[in-house]
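Work through the exercises below with the model open. Try each task before reading its solution.

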Amino acid sequence: MKIVAAVTQAARAAFELRTVDLEAPRADEILVRIEAVGLCHTDITGQAGEMIPLPAVLGHEGAGVVEAVGDQVTKVVPGDRVVLTFRSCGHCRNCEKGLAAYCHTIRVLNYAGSRPDGTTSLSDNGEQIASNFFAQSSFATRCLAYERNVVKAPGSIPFELLAPLGCGVQTGVGAVLRSLDCDEGASLLILGGGAVGLSAVMGAALRKCAPLIVVEPHAERRALALSLGATHAIDPAAGRPLPEVVREISPIGVDFAFETTGRPEIQQASMDCLAPHGVLGVVGIPPKGTPVPGDMRTAMALGHTVKGIIEGDSDPDSFIPELFALHQEGKLPLERLVRTYPLSNINQAIEDQHDGLCVKVVLLTEGAVAATSGEGSRRPRSTTASSAGT
């Protein structure tokens with residue numbers, strides 16, 4: 001079938017809205033009509049050509065409605081509202097332990113740019129386009145997914161709030177509740193006040209972490225962090241060494257630090273903020289070849305741990321429904337992070353997010369078909385759901 005997708009033609013090239021061909025679902029596949037899709041830094045990494053062959057269709061925080069299913073699919077039926085997330089095999093040792101984010105075949109299932117058999121589901125006039133990014137490639141009006149990466153969603157939550165649960169929110173909240181498993185009253189330092197960092201703030205507020213310190217250069221995001229439960233917000237541009245400022249707040253250091261920036265100097269400074277037996281959780285993607293932060297002698301003497309975190313150690317079938325419930329109870333105010341844009345304005349959305357004008361971009365597919373003929377590209381940017389510094 002013909003669909004509209006934001007195609008990445010070459011490394012660091014702007015996204016192009018194009019009409020491409022999507023194959024019909026195979027026996028184990030699910031056709032989803034995408035209503036909303038979150039924009040994540042991982043998509044920007046993919047756009048740079050660092051994760052998936054190009055040309056490609058990226059997007060890995062899709063939310064929409066099931067339109068068709070293959071013969072082997074029993075988990076969902078046409079008409080179901082779903083959140084799309086990462087795919088795992090379901091039967092390796094880690095999956096069986098509930099550690100789906102560390103599935104033994106995670107790379108093949110999510111980053112190969114094709115199905116495991118090497119075929120792609122997308123093409124343009126016969127030219128293959130890399131697909132299956134996080135087993136979805138949801139920067140599109142429709143995509144194919146699988147039972148292991150779809151979660152049925154309640155009808156009471158709008159699609160633009162469901163979409164970020166597939167990666168960014170589950171990573172941030174999960175880092176605190178699952179990966180680090182911060183205990184009540186633990187001190188926590190969060191480096192970066194983007195969507196993942198502020199999701200971690202919401203998770204830390206649930207665990208009553210104190211002090212809860214956020215480091216973020218944008219004043220609006222610092223204010224938002226404080227309103228979401230942070231006890232302190234630090235401007236890294238103030239000129240003082242981070243460990244010095246943190247230890248004025250928590251003299252012995254912090255029990256946990258959560259690093260989202262991917263900047264090696266920030267990761268190193270984070271280690272110097274840790275209390276004895278402290279843990280640094282890392283989700284920010286540093287340049288390839290960056291050494292693990294810290295000093296081995298100090299780490300040994302103080303019992304420090306550096307922990308890589310993928311998807312908040314989430315098992316989506318159990319954790320994403322927990323996030324649904326937290327939002328419905330008013331404990332996860334996702335609407336305070338989200339700003340919506342039409343898919344046709346994806347490049348402007350990336351620029352605005354980079355400039356700190358919004359926290360979490362969610363792209364809406366409505367009007368995407370018209371945009372390919374030059375109509376939708378003139379639609380104004382939405383300002384419907386943001387308190388993120390705009």
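**Exercise 1.** Is Asp-124 buried or exposed? Find its salt-bridge partner and place both residues.

*Solution.* Start with the ground rules. This is a predicted model, in which local features need pLDDT of at least 70, side-chain atom pairs count only at pLDDT 80 or more, and totals for chains, interfaces and linings use all residues. Residues are numbered from 1 along each chain as its sequence is written, and side-chain values use heavy atoms, leaving out hydrogens and water.

Step 1. Asp-124 is buried, with a relative accessible area of 8%. Buried means under 20% relative accessible area, exposed over 50%, and partly exposed in between (1.4 Å probe, protein chains only).

Step 2. Its partner is Arg-18; the closest N and O atoms of this salt bridge are 2.2 Å apart. A salt bridge here is a side-chain nitrogen of Lys or Arg within 4 Å of a carboxyl oxygen of Asp or Glu.

Step 3. Asp-124 sits in strand E7 (residues 122-124) and Arg-18 in strand E2 (residues 16-22), so the pair ties together parts 106 residues apart in sequence. Helices (H or I, at least four residues) and strands (E, at least two) are DSSP runs, numbered from the N terminus.

Step 4. Arg-18 is partly exposed, at 24% relative accessibility.

**Exercise 2.** Which residue forms a salt bridge with Glu-29? Set this pair beside Glu-248 and its partner.

*Solution.* Step 1. Glu-29 pairs with Arg-115, with the closest N and O atoms 2.7 Å apart. Glu-29 lies in strand E3 (residues 29-38), Arg-115 in the loop between helix H3 (106-110) and E7, 86 residues away.

Step 2. Check the burial. Glu-29 is buried at 1% relative accessible area. Arg-115 is buried too, at 3%.

Step 3. Glu-248 bridges to Arg-240, with the closest N and O atoms 2.3 Å apart. Glu-248 is exposed at 52%. Arg-240 is partly exposed at 37%.

Step 4. Widen the search. The whole structure holds 19 salt bridges. Arg-33, Glu-35, Glu-67 and Arg-142 are linked in a network of them.

**Exercise 3.** Which strands pair with E14?

*Solution.* Step 1. Strand E14 covers residues 254-259, and five of its six residues are buried.

Step 2. Strand E11 (residues 188-191) runs parallel to E14, joined by four bridges. Strands pair if DSSP finds at least two bridges between them.

Step 3. Strand E15 (residues 274-282) is also parallel to E14, with five bridges.

Step 4. Follow Glu-259 of E14. Leu-191 stands opposite Glu-259, and in E15 the bridge partner of Glu-259 is Val-282.
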